Amino acid sequence: QVQLVESGGGLVQAGGSLRLSCTASGSTFSIITMGWYRQAPGQQRELVADISSGVNGNYAGSVKGRFTISRDYDKNIVYLQMDSLKPEDTAVYYCNVRARDRIRFTTNDYWGQGTQVSVSS
């Protein structure tokens with residue numbers, strides 16, 4: 001089992017910045033991908049960005065050039081630096097980890113509890 005703890009988020013004016021972080025913990029797992037999704041009211045959850053070992057960040061087109069994903073591989077932390085925020089970025093942001101259980105040989109997705117990001121115009 002993987003536990004995820006998110007931090008960051010909040011209310012910011014358009015053009016401002018926020019930083020999200022997510023720490024993964026647990027035993028007997030190997031992380032494959034860490035990333036962030038978001039879900040606005042009445043909309044489906046969508047990928048914002050993810051990052052895998054040896055691969056540069058993968059971004060949704062709507063955030064490319066404004067958001068930066070990074071990862072601390074030693075501490076199993078993923079960060080999302082969000083700059084030039086727009087009102088349309090308002091959503092609940094969820095940390096996602098895809099990990100392989102080294103004992104059960106299964107691959108599963110794990111989700112954080114979600115953190116609200118609100119951008120005012």
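A charge is taken to sit over a ring if NZ of Lys or CZ of Arg is within 6 Å of the ring centre and within 35 degrees of the ring normal. In this predicted model, the charged end of Arg19 sits over the ring of Tyr79, at 4.0 Å from the centre of that ring. A second arginine is placed in a comparable way: Arg45 lies over the face of Tyr94, and its distance from the ring centre is 3.7 Å.

From charges over rings the description passes to contacts between rings. One aromatic pair is found when the whole structure is searched. The partners are Tyr37 and Trp111, whose ring centres are 5.0 Å apart and whose planes make an angle of 70°. The arrangement counts as edge-to-face because the angle of 70° falls in the class of planes over 60 degrees apart. Tyr37 belongs to strand β4, which covers residues 29–39, and Trp111 belongs to strand β10, which covers residues 106–111; the pair therefore ties together parts that are 74 residues apart in sequence. Neither ring belongs to a buried residue: Tyr37 is partly exposed, with a relative accessible area of 22%, and Trp111 is also partly exposed, with a value of 37%.

The next link is covalent. A disulfide is a covalent bond between the sulfur atoms of two cysteines. The search of the whole structure returns one disulfide, and this bond joins Cys22 to Cys95 with an S to S distance of 2.1 Å. The angle about the S-S bond is -80°, and the link of Cys22 and Cys95 is left-handed. Cys22 is located in strand β3 (residues 18–25) and Cys95 in strand β9 (residues 91–101), so this pair ties together parts that are 73 residues apart in sequence. Cys22 and Cys95 are both buried, whereas Tyr37 of the aromatic pair is partly exposed.

The backbone deserves attention at two further positions. Most residues other than glycine have a negative phi. Thr28 is not a glycine, yet its phi is positive, at about 60°. This threonine is placed in the loop between β3 and β4, and its relative accessibility of 29% makes it partly exposed. The strands on either side of that loop have already appeared, since β3 holds Cys22 and β4 holds Tyr37. Asn76 likewise has a positive phi, of about 55°, although it is not a glycine. The place of Asn76 is in the loop between β7 (67–72) and β8 (77–82).

Note on methods:
Residues numbered from 1 in each chain as written. Predicted model: local features only at pLDDT ≥ 70, side-chain atom pairs only at ≥ 80, totals over all residues. Heavy atoms only, no water. Phe/Tyr/Trp six-rings, centres within 6.5 Å; stacked < 30°, edge-to-face > 60°. Helix = DSSP H or I, 4+ residues; strand = E, 2+ residues; numbered from the N terminus. Buried < 20%, exposed > 50% of the residue type's maximum accessible area, 1.4 Å probe, protein only. Disulfide = S-S within 2.5 Å.
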